[in-house]
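Welcome to a short set of exercises with worked solutions. Please keep the viewer open as you go.

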Amino acid sequence: MRELVLTKQGDSLRAFLLEQRHLVEYHEMTGGGAYALGDIFLGEITQVIKGLNAAFVQLGLPREGFLHYSDIGCSLPIQRVYIEALRRGHSPPEQLPLPDSALPKEGSITDYLQPGDWLLVQVVKEMSDTKGPRLSTQLSLTGQALVLLPFSPEIGISQRITDPLQRQRWREELRSFYRPPYGMILRTTGQFLPPQELQIEYEKLISRWETLLKRLSGQRPPYRLSENPSPLVNILQEYLSPPPKVIHTEDEKIYVELQQYLQEHTLPTPPILRLHRKRESLESFLDLERTSRLLLGRTVTLPNGGYIVIEHTEALHVIDVNSGSLPAQGRPPEEIILQTNLLAAQEIARQLRLRDLGGIIVIDFIDMRSAEHRQRVYERLCEAMKTDRAKHIVLPMSDFGLVQITRQRRRAPTELEEVFSCPTCYGSGKLTHPDILPLRIETQLRYWGSQYPRASLQAKVHPMLLAYWKTRYPHKDSWIWNLIPHRWLKIEAHAELPLSQALLFIEGHQIATIG
């Protein structure tokens, strides 16, 4: 049984997703920020870097947005016509051209975008401490059953709808009320609704988009065109597909908003709403606070006494499975190993969702001699991952007992996760010898200097590291000579950086985190 628990703490709305009373997802949202995931901006391109095949876009945020060539999409030609008319102060044409074909996969971004161009972009990955938000020109507005794709001819079906005949039937149904240039994608929940309901939502999304476009008149970049709905609506759009059986809350205002939302949106099986009225808080009543803290530690205990250890590096996440003291219990070792690995596979799938781990994940299961046992563990992991809504790929287990996973992540780390991140040792409990840290950073700075021999390089480091370099190299104000051979390097002190880390910038744009 799926249950959604909504609680409020200050200005933040917390969402806990439970499956069979086990916490599997946690998300916290705060309204009124400078931006949110899914926001659409009118931005201006400040720089196009051919080597990265990407552009930097000014959005009026602390860090410029990053737009890679692969995120441009086929809607760019239609968007250009609209933006050019807007820039000249003209009314956009009533009939916008549809793209003849998709952009070539191996094309160059310099063929399509130049510094100074105006562009409508959408935030598809949140800004982190070291990187600006990831952007896309493939715009979308999310509804409960459909996703609207302005400036696009695409008619898509959710990948979770796997029956080929059903996919084809729905594609024909959507095409019957499609009107260009408003493409759409059928969400998983939409397959249970009649086509008439989908058409009503489609027209509502188009009306919402056209209202947003009217706000562009007379505006110049950077301009925030759309703001995501309230945190509650945003969470409901994400967690009501598929709908949970019960939604719990202790806030009467949220309860009323939930009732209103469910009246306005048709769901195949509307969830039951429950208002918690006891003196004890809802999080304490369901033991969610303690559970979430325990689950987000470095070590997670398995029901049979084994445990998994989760480590984070710059390149990937590593999960190690251990049996602990189980072999001393007198049972056959192979049976204990299989049981521990099967439990670990189930728990790891849960941890990936709960922590929203993304990128490359490597799992080191306990070695198993039997090929049949290795296949069972792999199948258990794949089965447990089916409930994960994030895009992911699970590769078969290698002969060394390693499983590799790639998983999409769009959001920044949650507060609960950050509690366990030490800025000096990153949770390892081990410190590098002080003399080695400057040497490592110097080596990497020299590498980047050789990659960009004519570019203007700047770096930010911990004040102690800057003071150390000034005792070893000629310097003038914030400039250091010969740290990069035969070049001046501008270095700024940044007290919030750990001693083991440096940030490198080219022409004011951050390109690397060193250390």
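**Exercise 1.** Which residues form one aromatic cluster with Tyr82?

*Solution.* A word on the source first: this is a predicted model, where local features need pLDDT of at least 70, side-chain atom pairs count only at pLDDT 80 or more, and totals for chains, interfaces and linings use all residues. Residues are numbered from 1 along each chain as its sequence is written, and side-chain values use heavy atoms, with hydrogens and water left out.

Step 1. Recall the rule: rings of Phe, Tyr and Trp (its six-membered ring) pair if their centres lie within 6.5 Å; planes under 30 degrees apart are stacked, over 60 edge-to-face, and the rest tilted. By this rule there are eight aromatic pairs.

Step 2. The cluster joins Tyr82 with Phe151 and Trp209.

**Exercise 2.** Describe the pair of Tyr69 and Tyr112, and place both residues in the chain.

*Solution.* Step 1. The ring centres are 6.0 Å apart and the planes stand at 40°, so this pair is tilted.

Step 2. Tyr69 sits in the loop between strand S6 (65-68) and helix H1 (76-88), while Tyr112 sits in the loop between H1 and strand S7 (118-125), so the pair ties together parts 43 residues apart in sequence. Helices (H or I, at least four residues) and strands (E, at least two) are DSSP runs, numbered from the N terminus.

Step 3. Check the cover: Tyr69 is buried, with a relative accessible area of 5%, whereas Tyr112 is partly exposed at 23%. Buried means under 20% relative accessible area, exposed over 50%, and partly exposed in between (1.4 Å probe, protein chains only).

**Exercise 3.** Now do likewise for Tyr82 and Phe151.

*Solution.* Step 1. This aromatic pair is tilted, with 5.9 Å from centre to centre and 45° between the planes.

Step 2. Tyr82 belongs to helix H1 and Phe151 to the loop between strand S10 (146-150) and strand S11 (155-157), which puts them 69 residues apart.

Step 3. Both Tyr82 and Phe151 are buried.

**Exercise 4.** In what order do the six strands of the open sheet run, and which stand at the edges?

*Solution.* Step 1. The order is S16-S17-S18-S19-S21-S20, with mixed pairing; two strands pair if DSSP finds at least two bridges between them.

Step 2. Strand S16 (299-301) and strand S20 (392-394) are the edges: each has a single partner strand, so one side of each is left without a neighbour in the sheet.

Step 3. Look inside the sheet: S18 (residues 316-322) and S19 (residues 359-364) pair in the parallel sense over five bridges. Leu316 has Ile360 in S19 as its bridge partner.
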